[in-house]
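Here are a few exercises to work through with the model open beside you. Try each task before you read its solution.

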Amino acid sequence: MHVRKPTIGLAAVLTVTFSLMGGQAVAAPSATAPSEVADSAVAARVFTYDASGSAEFKSAVDRGAAIWNESVDAVELRPAATGQRANIRVLADNGWPRALPTTLGNGTVYIGRQAVDQGYNTIRISAHELGHILGLPDRKPGPCSSLMSGSTAGIACTNPYPDTVEKAEVEDNFSSALTRTGGAVRSGVVIVD
Ligand SMILES: [Zn+2]
């Protein structure tokens, strides 16, 4: 009996805590991030990205990551803390934009100045390359409404948002990833554009 008493006490405390949380969730519909995650059927998997090597494209990369966070529930891209090893490295260079996915949600992205100099939109490029890291292949040629149509949509296309199919594919990649490793995209292969 002396052993069981503390257990009952703990259970009572947990019940009270749970009730308070439930009441708070109802009273505050404009919930903070953790509550939003808790509301989802599957909690978002967090992947960090390091844009410190992306030079003049850093704000475009941040926007591209934020667009994915707005677009899907299954994954959240978060800036890595200083000195933290990130899941995704984002670099600027003078080549064509490309991605090197390693495993789903991990890899390296290059924001290539060659395309930027030709007039392609930097936020669309950033979101597109991050899309490869999230397991999406290119869809070319394709319309501007498709993020993964990439450069085939032309330089006039500034749409940085994935379409319905692309969003669903990322959601599926990360829910399927609970039971397997690797994404829809082959790992260790550079995807140019
Ligand atoms: Zn591509």
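**Exercise 1: Ala44 and its surroundings**

Ala44 is partly exposed, since 18 other C-beta atoms lie within 10 Å; a residue is buried with 20 or more such atoms, exposed with 12 or fewer, and partly exposed in between, with C-beta atoms placed from the backbone. Before we go on, note that this is a predicted model, in which local features need pLDDT of at least 70 and side-chain atom pairs count only at pLDDT 80 or more, while totals for chains, interfaces and linings use all residues. Residues are numbered from 1 along each chain as its sequence is written.

*Task.* Find the place of Ala44 in the chain, and its separation from Ser175.

*Solution.* Start with the loop between helix H2 (33-39) and S1: Ala44 sits there. Helices (H or I, at least four residues) and strands (E, at least two) are DSSP runs, numbered from the N terminus. Next, go to Ser175, 131 residues apart from Ala44 along the chain; their C-alpha atoms are separated by 9.7 Å.

**Exercise 2: From Val75 to the core**

*Task.* Which residues does Val75 touch, not counting residues up to four places away in sequence?

*Solution.* Contact here means C-beta atoms, placed from the backbone, within 7 Å. By that test Val75 touches Ala44, Arg45, Phe47, Gly105, Leu134, Val170 and Phe174. Now widen the view to the largest nonpolar core, which has 34 residues; Val75 is among those that touch the most other members, along with Trp68, Val109, Ile111 and Leu130. Such a core is a set of buried Ala, Val, Leu, Ile, Met, Phe, Trp, Tyr and Cys residues joined through C-beta atoms within 7 Å.

**Exercise 3: Two helices that cross**

*Task.* At what angle do the axes of H3 and H5 cross?

*Solution.* Take H3 (residues 58-71) and H5 (residues 122-133): their axes come within 8 Å and cross at roughly 55 degrees. Axes are lines fitted to C-alpha atoms, for helices over the stretch in contact, and angles run from 0 to 180 degrees between N-to-C directions. The two helices are therefore oblique to each other, as angles under 35 degrees count as roughly parallel, over 145 as roughly antiparallel, 65 to 115 as roughly perpendicular and the rest as oblique. Finally, look at who meets whom: residues of H3 including Ala60, Ile67 and Trp68 meet residues of H5, among them Ile123 and Leu130.

**Exercise 4: An unusual peptide bond**

*Task.* Which residue is joined to Pro141 by a cis peptide bond?

*Solution.* Go to the loop between H5 and H6, where Pro141 is found. The partner is Lys140, and omega is about -10 degrees.

Technical notes: Contact = placed C-beta atoms within 7 Å.
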